[in-house]
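Subject: Handover of a structure, with findings

Dear colleague,

Please find the structure below for your files. My account of what was found in it follows.

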Amino acid sequence: MRRSDFLLVALAGVLWGTGGLAGAAAGDEGGLAAVAVAAYRLLGGGLVLLVGAALAGGFAGLRPSRALVVRVTATAVLAATYQAAYFAAVERAGVATATLVALGGAPVLVAAGTAVATRRAPSRRTVAATALALVGLVALVGTSGGTGRAPLVGVALALVSAASFAGMTGLGRREVPGARPVPMTAAAFTLGGILLVPVAPLLGDPLTAPTHAEGWWLLVFLAVVPTAAAYGAYFTGLRSVPATTASLLALLEPLTATVGAVVLRDERLGPGGLVGGVLLAAAVVVLRPRAPTVPTTMVGPGHAAGQPVDAPTPRVPGARTRRE
């Protein structure tokens, strides 16, 4: 696992944390329903990524293939499902319950799927980080309790959201020959946003335009920072970061959102929230890439005298070596 890729995935979790605040503000300032905000987020983020990838030459030499079409289509469906199911879960089970199930369930599903696919149990470090992260998540956002009108339906929808995010993470780990992560994400998110446009009215949230300029600026921020930049960093980092580790780093989202709410909205963080934040940060520390250990070699007389380590040992005439 490359340290730079680890940092990219961690950065994605932090940037996602700004999305909740921006999305809520966009809904308030622009008079938009939650699913409408999600549709604008995917569509706008996809278009920003398309422009950025085109300017950077990301589409140069790209040839359509069956594998590419399948990847883009599957990611688009999973992204749209993730967004729609999560916001529907929030409406029915409340923010705390939906966040706990959707974000907390994703790493568990990824770890289970990885164990089944590889027929290997997770490492002790992964298990320890998962336990720290889940307990921290419960302490951070689980103290407010459910406020929804249909908790069981909301939990089921949150599980669908978790499974969709886990599926996106698993797909992102698989390389498509001749295709780069950012162009594929751009096409997938644009298609996912288009898919959400007809879904919003079916969920009772018609897709309307913001009523104020502030709403448009918030949608631009939502498209650029927590969508285009965050998912671009996430899928790029997946080239070497294990899927379970990536899904756990995604839990930096609620931590960042909580810190932002305390700083920007004067919300109070109780003792449980503080403990939860510390545990989530501890999980990231446990998961961090470790520097490779350099094997120690006994220093012989020649080495002490300044002879290079890899230099052959002088041979005494008539002596026999071990290989002989």
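In what follows, two residues are in contact when heavy atoms of theirs lie within 4.5 Å. With that meaning, T236 touches D5, L8, P181 and V182, leaving out residues up to four places away in sequence. T236 lies in helix 8, where helices (H or I, at least four residues) and strands (E, at least two) are DSSP runs numbered from the N terminus. At 15% relative accessibility, T236 counts as buried; the classes are buried under 20% relative accessible area, exposed over 50% and partly exposed in between, with a 1.4 Å probe and protein chains only.

Basis of the model

This is a predicted model, in which local features need pLDDT of at least 70 and side-chain atom pairs count only at pLDDT 80 or more, while totals for chains, interfaces and linings use all residues. Residues are numbered from 1 along each chain as its sequence is written, and side-chain values use heavy atoms, with hydrogens and water left out.

The predictor's confidence in each residue, pLDDT, runs from 0 to 100. Its mean over the chain is 79, and 84% of the residues reach 70 or more. Confidence is highest in helix 8 (residues 213-237), at a mean of 90, and lowest in helix 12 (residues 301-304), at 40. Across residues 296-311 the pLDDT stays under 50, and the model has eight contacts beyond four places in sequence for them. Residues 318-324 are also below 50, with three contacts in the model beyond near neighbours in sequence.

Overall organisation

The chain has twelve helices and zero strands. Of its 324 residues, 42% count as buried. Among contacts with a separation of 6 or more, 91% are between residues 24 or more positions apart. The chain exposes about 17100 Å², of which carbon and sulfur atoms supply 66%; accessible areas come from the Shrake-Rupley method with a 1.4 Å probe, and for residues only the protein chains shown count as cover.

Core and surface

A nonpolar core is a set of buried Ala, Val, Leu, Ile, Met, Phe, Trp, Tyr and Cys residues joined through side-chain atoms within 4.5 Å. The largest one has 50 residues, and W16, F165 and Y234 have the most contacts inside it. Helix 3 (residues 66-93) gives the most to this core, namely seven residues. Apart from neighbours within four places in sequence, W16 is in contact with R41, F165, P226, A230, Y231, Y234, A250 and E253.

On the surface, V48, W217, V220 and V224 make a nonpolar patch of about 380 Å². Patches are made of residues with over 30% relative accessible area and no salt bridge, with like charges joined within 9 Å and nonpolar side chains (Val, Leu, Ile, Met, Phe, Trp, Tyr) within 5 Å. Helix 8 supplies the largest share of the nonpolar patch, three residues. V48 lies in helix 2 (residues 34-55) and is partly exposed, at a relative accessible area of 33%.

The salt bridge

The structure holds one salt bridge, defined as a side-chain nitrogen of Lys or Arg within 4 Å of a carboxyl oxygen of Asp or Glu. The side chains of D5 and R239 form it, at 2.8 Å, N to O. This pair links distant parts of the chain: D5 is in helix 1 (residues 3-30) and R239 in the loop between helix 8 and helix 9 (243-249), 234 residues apart. Side chains of opposite charge can pair when their charged atoms come close. D5 is buried, with a relative accessible area of 0%, whereas R239 is partly exposed, at 46%.

Other residues

R119 is found in the loop between helix 4 (95-118) and helix 5 (124-141). R119 has a positive phi of about 60° although it is not a glycine. Most residues other than glycine have a negative phi. At 79% relative accessibility, R119 counts as exposed.

Helix 3 holds E91 and R92. E91 is partly exposed, at 40% relative accessibility, while R92 is buried, at 18%. The C-alpha atoms of E91 and R149 are separated by 7.8 Å, with their positions 58 residues apart along the chain. R92 and A158 are 66 residues apart in sequence and 9.9 Å apart in space, C-alpha to C-alpha.

With kind regards
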